[in-house]
Amino acid sequence: MSDAYDVLVVGAGPAGTAAALRAADLGARVAVVESGPPGGTCVNSGCVPTRVLAKTARLMREVRTADAYGISVTEQQIDWPRTVERVRATVERVRGSKDDLGRFAAAGVDVLHGRARFVGPHDLVVTAADGTTSEVRAERVVLCVGGHSRVLPVPGAELATLPEHVLDLPELPRRVGIIGAGNTGAQLVTIFNAFGSEVTLVEVAPRILAQTDADVSAHVTRAFREQGVRVEAGVETVTALERTDDGIRLRWRADGRDEDVVVDAVLMCAGWPASVEGLGLEAAGIEVGRGRIPVDEYLATNVGHVYVAGDANGTAMLVQAANAEAEAAARNAVLGTTVRAPHHLLPAGGFTDPDYADVGLTEEQARERDEHCVVALVELAELERPVIDDRPRGFLKLVADRRREYLLGAHAVGESAVEVIQSVTTAMAAGVDVATLARVEFAYPTYTAAVGVAARRLLDVPAVR
Ligand SMILES: Cc1cc2nc3c(=O)[nH]c(=O)nc-3n(C[C@H](O)[C@H](O)[C@H](O)COP(=O)(O)OP(=O)(O)OC[C@H]3O[C@@H](n4cnc5c(N)ncnc54)[C@H](O)[C@@H]3O)c2cc1C
Ligand SMILES: NC(=O)c1ccc[n+]([C@@H]2O[C@H](COP(=O)([O-])OP(=O)(O)OC[C@H]3O[C@@H](n4cnc5c(N)ncnc54)[C@H](O)[C@@H]3O)[C@@H](O)[C@H]2O)c1
């Protein structure tokens with residue numbers, strides 16, 4: 001005899017947690033199945049640990065320049081076991097403060113610990129860690145299974161460390177090879193560079209952070225190179241990893257030549273396919289795409305009663321997207337399929353050195369739609385705060401329509417880039433026009449003041465300083 005639910009949610013990361021709580025809130029009988037600790041990639045091996053490492057990296061950089069402020073610090077060295085301990089303790093604290101299990105209990109959501117697998121369109125089997133199984137039946141299913149790092153099909157791939165296992169490195173590697181310069185790879189560059197490791201970054205796309213605005217990507221590339229990082233973008237492919245006497249040889253081909261570097265650790269950050277292995281999608285007739293579970297605009301799969309929210313549908317792999325999609329998927333699952341996936345404004349950024357962030361269209365995308373769109377760029381060095389803080393490098397770029405009325409996108413690189421972009425996002429979400437934004441007073445001295453200067457520049461109004 002199997003338990004029966006109105007809605008079964010698979011996965012308790014950001015998407016699954018939001019979907020289960022919303023579905024329960026709408027009156028459904030809900031269960032969530034999770035094979036690991038609650039919080040998913042974000043809390044346990046993604047955003048949270050990476051953010052703590054980014055803060056550690058920031059502290060290292062600050063300590064290196066402390067002398068200029070008259071602060072003498074004699075030894076700057078990473079104690080890797082203590083760093084790892086700190087990260088793990090913070091993950092615990094975040095899990096505690098989120099208290100997902102407590103929130104599930106309060107909302108009446110049943111939690112089934114184990115791995116879920118479809119055995120029919122409405123039937124799943126949950127296998128617990130001790131091997132015991134239970135059967136579950138559900139009217140509707142919301143898959144929030146997230147993803148995992150892609151392992152490249154190259155000889156020696158097993159020698160690489162995946163980003164989710166970085167904390168398992170036995171010691172701080174003196175030399176690090178990083179494959180892939182998406183958000184994960186770029187953040188790990190900054191972390192290990194600040195920790196004193198020699199870093200080589202290998203990327204197949206013509207530029208690093210290929211999804212960001214081209215000027216942002218160029219700025220971060222320049223900064224990485226100045227910091228001593230070897231940046232190899234536009235390579236043909238990584239060909240092999242080989243064990244050597246004193247490390248791992250990372251081989252790749254570029255411009256028809258074989259290149260290599262010997263390092264102590266290779267971090268493989270080459271993509272993030274959906275976790276569909278062992279999920280039994282075929283038993284439910286659910287189609288799988290390349291590394292993702294395809295959905296329509298309502299987040300429904302080809303099997304109408306199964307929805308996918310979060311990383312697993314491969315649209316926008318960010319916590320903010322997971323939350324918004326989960327809300328829509330839960331409503332569709334409980335109330336009928338009427339709500340479209342909300343993907344309009346998604347601010348995002350990376351905690352590198354320098355930070356970068358964006359929202360909306362890149363300049364390139366905006367020009368493809370209308371070559372007469374208007375762009376204003378403010379260098380951070382034009383403002384006082386970045387100069388005061390010794391952080392004068394970077395910029396904010398605003399992209400507006402040809403009538404200079406509405407913002408289409410914003411791109412920032414430099415100190416506090418993510419927070420600056422968040423303010424622009426708030427204005428965009430509220431439909432604030434450029435003229436209104438240009439009249440807003442910004443507190444002095446702040447990085448966000450760049451928004452006002454850029455808005456005035458879009459209107460060709462000289463900045464008063
Ligand atoms: C290194 C790194 C840093 C990141 N930093 C940021 C950041 O700063 N900001 C940001 O917005 N995003 C960041 N992300 C992305 C963010 O982590 C994801 O977008 C987010 O976690 C997606 O949530 P999700 O619920 O879709 O999937 P996940 O968080 O991956 O959760 C999926 C859950 O499903 C469970 N599961 C899978 N299969 C099954 C099954 N068959 N049965 C039961 N349970 C199952 C898994 O155990 C997991 O707990 C980062 C990602 C990485 C890798
Ligand atoms: N701060 C953040 O918001 C944050 C941080 C980390 C990850 N994430 C999200 O998580 C998801 C996964 O990120 P990711 O960076 O792990 O994956 P990704 O898919 O975004 O980037 C992978 C990179 O690896 C490169 N690559 C692929 N094959 C390669 C090869 N053979 N050799 C060299 N390079 C190769 C790709 O061109 C790409 O640039 C993304 O959607 C990302 O936005 C977000």
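This is a short tour of a predicted model, from the whole chain down to the surroundings of its two ligands.

**Whole protein.** Start with the full C-alpha trace, which spans about 70 × 60 × 45 Å along its principal axes. The radius of gyration is 24 Å; a compact globule of 465 residues would have one near 23 Å, so the protein agrees with that expectation. Switch to a cartoon to see 14 helices and 19 strands. Colouring by burial would mark 45% of the 465 residues as buried. Among contacts with a separation of 6 or more, 65% join residues 24 or more positions apart.

**Domains.** Select 5-54 + 81-148 + 273-335 for domain 1, 157-268 for domain 2 and 354-460 for domain 3. The C-alpha centres of domain 1 and domain 3 are separated by 35 Å.

**Ligand 1.** Next, select ligand 1 and the 34 residues around it; those that come nearest are Gly 11, Gly 13, Gly 40, Gly 146 and Gly 310. Helices H1 (14-25), H2 (40-44), H3 (47-65) and H9 (319-335), with strands S2 (30-34) and S4 (115-118), each give two or more residues to this shell. By type, the shell has 17 nonpolar, 14 polar and three charged residues.

**Ligand 2.** Move on to ligand 2, with 24 residues around it; Gly 180, Gly 182, Asn 183, Thr 184 and Met 317 come nearest. Show helix H6 (183-194) and strands S8 (198-203), S10 (237-244) and S15 (348-350), each of which supplies at least two shell residues. Which element gives the largest share of the shell around ligand 2? It is H6, with four residues. Here the division is 14 nonpolar, nine polar and one charged.

How values were computed:
Residues are numbered from 1 along each chain as its sequence is written. Chains are lettered from A and ligands numbered from 1 in the order in which they are written. This is a predicted model: local features need pLDDT of at least 70, side-chain atom pairs count only at pLDDT 80 or more; totals for chains, interfaces and linings use all residues. Domain bounds come from an automatic or database domain assignment. A residue is near a molecule or strand if its C-beta atom, placed from the backbone, lies within 6 Å of it. Ala, Val, Leu, Ile, Met, Phe, Trp, Tyr, Cys and Pro count as nonpolar, Asp, Glu, Lys and Arg as charged, and the others, Gly among them, as polar. The radius of gyration is taken over C-alpha atoms; the globule rule is 2.2 Å times the number of residues to the power 0.38. A residue is buried if 20 or more other C-beta atoms lie within 10 Å of its own, exposed if 12 or fewer, and partly exposed in between; C-beta atoms are placed from the backbone. Two residues are in contact if their C-beta atoms, placed from the backbone, lie within 7 Å.
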